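Trainee: Could we go through this structure together, one step at a time?
Mentor: Yes, let us look at it first and then reason from what we see.

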Amino acid sequence: MQDILDDLERLCEDVDGYLEDDSDEGNSSEDSCDSEEDSSEEEGVLVWEADSSVSFKDSEKGRTLVEVPRSHIAFEDVQAQFECQWQHTPMPPTIHKVYRVTCSKQHIARFDRYRAEVGRRIGYADGNVIRCWHGTARACRVGDDSSRLTPCSRSDCSLCNVMKWSYDLSWSGKRRSWGRFGSGIYTSSTSSKAYDYVQERGGSRYSALLLNEVVAGNPLCLTDNCSSLKRPPSGYDSVQGVPGTDLNYDECVVYTDAAIRPVYLVLFR
Ligand SMILES: [Zn+2]
């Protein structure tokens, strides 16, 4: 599993680097299996290679969304995580599209710095990054099909705002009251739990979830509510809500914008 994650991370960095014309990342792992990415010499053409060669054109650099071909190992990996972690109904919904999300360069740099800082402190190189789901409001139909790749600019479209700028605690707090573990950014490893927070306001027939990288660092596991938290308890970097007394499904809460970034947008029905 770690090999796949390492490979995905490398792939994502390759894609980010290609799209942003920025090759300053150096966190590559050893060789990959079958997901080597090869950028064509032709301007604006990105080639993904999986089981069979799959290619698509991307004429815009710095795009927020890049579709992941269904045959690519990254699609299969996201799909497996989505389906395995769907607990609310016997059968998970069917995935329609998966997109790689690249939010603002500034946020990615901030996330990387935070991850490295936490990693040094806890002696775990990647800062104990985990992938968790987040559901929110979508006021448009971004991602519904391959031609809808531009996030909208509506202020009430939380999904697009997150995809462009990543998470913003100050903004989140204005939208709703804080949750059971205080004023943090809430995610879950349970895809169906995150789905509870999805609000489709744009008339789409699909639902959208974000899969995120979350720097869990040294997490404090809690079974009881602690809604007064404004930051992680001393000595910890995040709170993991463990199902039990007050909670039916897990939650992971971080208390700084730098600790999370969206990496995939998943459309399903
Ligand atoms: Zn939108």
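## A sheet, a helix and a core

Mentor: Before you begin, please keep in mind that this is a predicted model.

Trainee: Which strands are the edge strands of the open sheet?
Mentor: Four strands form this open sheet, in the order S8-S13-S12-S11, and their pairing is mixed. An edge strand pairs on one side only, and that description fits strand S8 (185-187) and strand S11 (219-222).

Trainee: In which sense do S11 and S12 pair, parallel or antiparallel?
Mentor: In general, strands of a sheet pair through backbone hydrogen bonds, either parallel or antiparallel. Here Cys221 stands opposite Gln240 in S12, and Leu222 has Gly241 as its bridge partner. The two strands are joined over four bridges, and the sense of their pairing is parallel.

Trainee: How many bridges join S12 to S13?
Mentor: One bridge in this pair has Val239 and, in S13, its partner Val253. S12 and strand S13 (residues 251-254) run antiparallel, and the number of bridges that join them is three.

Trainee: How far apart are the end C-alpha atoms of helix H3?
Mentor: Helix H3 covers residues 105-122, which makes 18 residues, and at 1.5 Å a residue they should span 26 Å. The distance in the model agrees with this expected span, because the end C-alpha atoms are 26 Å apart.

Trainee: Why do the buried residues of H3 line one face of the helix?
Mentor: The residues in question are His107, Phe111, Tyr114, Arg115 and Val118, which are buried. The face turned away from them carries exposed residues, among them Lys105, Gln106 and Arg113. Seen down the axis of H3, the buried residues line one face because they fall within an arc of 105°.

Trainee: Which strands and which helix do the buried residues of H3 pack against?
Mentor: We can follow the buried side of H3, where Phe111 and Tyr114 are among the buried residues, and look for its packing partners. These partners are strand S6 (129-134), helix H4 (158-165), strand S10 (207-215) and strand S14 (260-268).

Trainee: Which strand gives the most to the largest nonpolar core?
Mentor: In soluble globular proteins, nonpolar side chains tend to be buried together. The largest nonpolar core here has 56 residues, and those with the most contacts inside it are Val214, Tyr264, Leu265 and Val266. Leaving aside neighbours within four places in sequence, Val266 is in contact with residues including Val78, Phe82 and Leu211. The element that gives the most to this core, with seven residues, is S14.

Terms used: Residues numbered from 1 in each chain as written. Predicted model: local features only at pLDDT ≥ 70, side-chain atom pairs only at ≥ 80, totals over all residues. Pairing = 2+ DSSP bridges. Expected span 1.5 Å × (residues − 1). Buried ≥ 20, exposed ≤ 12 C-beta atoms within 10 Å, placed from the backbone. Arc of directions from axis to C-beta. Contact = placed C-beta atoms within 7 Å. Core = buried A, V, L, I, M, F, W, Y, C linked by C-beta atoms within 7 Å.
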